[in-house]
Amino acid sequence: MATDWLGSVVSINCGVMLGIYQGEVSSVDHASQTISLKQPYRNGVRCPVPEVTFSAMDIKELKFLDIQNTVNKTSTEQGCTPETSVISSGHPMPSNKATNATNESSRSSTTQITILRRAQTGSSNSRGATHSTQRRSGVRNGFAGGSVRSKDDECFGEGTDEGLDTDFDFEANLALFDKAAVFSKIDGIRGHKAQHHSTQTEQKPQSYRHDENILERKPVIYRQITVPQHGGKEYCTDSGLVVPSIPYELHKRLLGAAERWGLTVERRLETIGVCSSQMALSLLGGPNRLTPKNVHQRPTVVLLCGPHIQGAQGVSCGRHLANHEVEVILFLPNFVKMQESISSEVSLYSRTSGLQVSSIKELPASPVDLVIHCLDSHENPLMREQSWYQSAADWANRNRAPVLSIDPTTNEGPQAVEAKWALSLGLPLPLAERESRLYLCDVGIPKLVFQEVGISYHSPFGCKFVIPLHPA
């Protein structure tokens, strides 16, 4: 009875690993429980082997897509319409249909090899070949019979694979493309668009981006400060503005004119103290060092000050540093009589947590974070020969800490303390060639006060109060 189903078109579902096969039944072996398909399709792709044999253990589901003509005639005589027959796993196949299905799990590796070996020996690459070409789902239903089959055969027939072995002739195909004609057409389109765009540009005004200025920009003038007496050196800011140096006599006249207009020594000391302390805090690490979580590592700063106005500037700086939780040690030698400005600054400094010493032996022996040098005086250069001055300078050089010099002098001789940074006030003095990095501090002198002493002045500070200067 198994021969009754020969020539029928069936669909066999062998699970996820083996896939779904479709083909014409070529043989049914009841003894070995196997069924063979000729001209098989796997997952809609034609198999490279002419015949595939399946075991009943591998079959999950079996569908009859097109029963042979004899069966169709019998069904018609009995008044029944031929329908697709489905046999699922879990029910034994009748002997007259000569195939069985079980509900056991698929043995992916061994059963796949068995199928290929039974179908065609030596074709180990057949499984990979079945994945080489993907077809549409219409191929799986291409054997449904009638007009559907004829349409599918036209699209997915056997003749579609005949020309796959022939190499594509790139040179012949490229010769069909006329590059010159195509590019000339493109150039013509571009020329027409450019002409049309130029016409529109002439007709309507030019548009600007959001970051463009409508007004015409004037050329930048970098020399905005001119002085009646040049100090011999020029510096420039980061933005390129030229800042000339002035001699100490002109600088002294400038400060005197500002004092007459209300910028007293006390106000100037306060401004210098704020600016220099801001620079010192930045040199100490700024917000990376001075945070509430880092109170156990507060920086230590030593101020070396003399009994003069430059020393008072250093004391003012130390007071602001102490207010910002910096450990400050002020060195100031004992003098019977000192200027009123420095006495008032020392009195105000004594209300902070900073220390004050008058002997070099009381200074720390270990390196500190920063040394602020305010020992030199513009009015009394002979003070450098005194013992307390030389002792303080020797301690600063031995401590190996970086040194900041506030309001340095213009002495041509060797410096007693080698400073890493130097902070000038208002306008720089012609300092000697040193390795110090020069900075300029804005002390708040009005523009008309500069004009009073013959200086044409435009502020080079911008949004800052302390700016670096570079040799021009």
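Among contacts in the protein between residues at least 6 apart in sequence, what percentage join residues at least 24 apart? The figure is 63%. Please keep in mind throughout that this is a predicted model.

Let me set out the overall content. The protein has 13 helices and 18 strands. Of its 472 residues, 41% are buried.

I will concentrate today on helix α10 and its two helical partners, α9 and α11. Two packed helices are described by the angle between their axes and the distance between the axes, and I shall take each pair in those terms.

The pair of α9 and α10 comes first in my account. Helix α9 spans residues 265-283 and helix α10 spans residues 309-323. Their axes come within 7 Å and cross at roughly 55°. That angle lies outside the ranges for roughly parallel, perpendicular or antiparallel, and α9 and α10 are therefore oblique to each other. The handedness of this crossing is right-handed. On the α9 side, the contacting residues include Val265, Leu269, Ile272, Val274 and Leu281; on the α10 side, they include Ile309, Ala312, Cys317, His320 and Leu321. Sorted by class, the contact of α9 with α10 comprises ten nonpolar, six polar and three charged residues.

I turn now to α10 and α11, the latter covering residues 340-349. Here the axes come within 9 Å and cross at roughly 15°. Because angles under 35 degrees count as roughly parallel, that description applies to α10 and α11. The crossing of α10 with α11 is left-handed. From α10, the residues Ile309, Gly311, Ala312, Val315, Ser316, Gly318 and Arg319 take part. They meet Ser341, Ile342, Glu345, Val346, Leu348 and Tyr349 of α11. This contact divides into seven nonpolar, four polar and two charged residues.

Several α10 residues deserve a second mention. Ile309, Ala312, Ser316 and Arg319 are listed in the contact with α9, and Ile309, Ala312, Ser316 and Arg319 are also listed in the contact with α11.

One further residue of α10 merits attention, namely Cys317, which belongs to the contact with α9. Is Cys317 buried or exposed? Its relative accessibility is 0%, so Cys317 counts as buried. As for disulfides, the structure holds zero. Cys317 accordingly appears in none, and the nearest cysteine sulfur, that of Cys374, lies 7.1 Å away.

To conclude, α10 is oblique to α9 and roughly parallel to α11, with a right-handed crossing in the α9 pair and a left-handed crossing in the α11 pair.

Note on methods: Residues numbered from 1 in each chain as written. Predicted model: local features only at pLDDT ≥ 70, side-chain atom pairs only at ≥ 80, totals over all residues. Heavy atoms only, no water. Axes fitted to C-alpha atoms, helices over the stretch in contact; angles between N-to-C directions. Helix = DSSP H or I, 4+ residues; strand = E, 2+ residues; numbered from the N terminus. Parallel < 35°, antiparallel > 145°, perpendicular 65-115°, else oblique. Left-handed = near helix turned anticlockwise from the far one by under 90°. Contact = heavy atoms within 4.5 Å. Nonpolar A, V, L, I, M, F, W, Y, C, P; charged D, E, K, R; others polar. Disulfide = S-S within 2.5 Å. Buried < 20%, exposed > 50% of the residue type's maximum accessible area, 1.4 Å probe, protein only.
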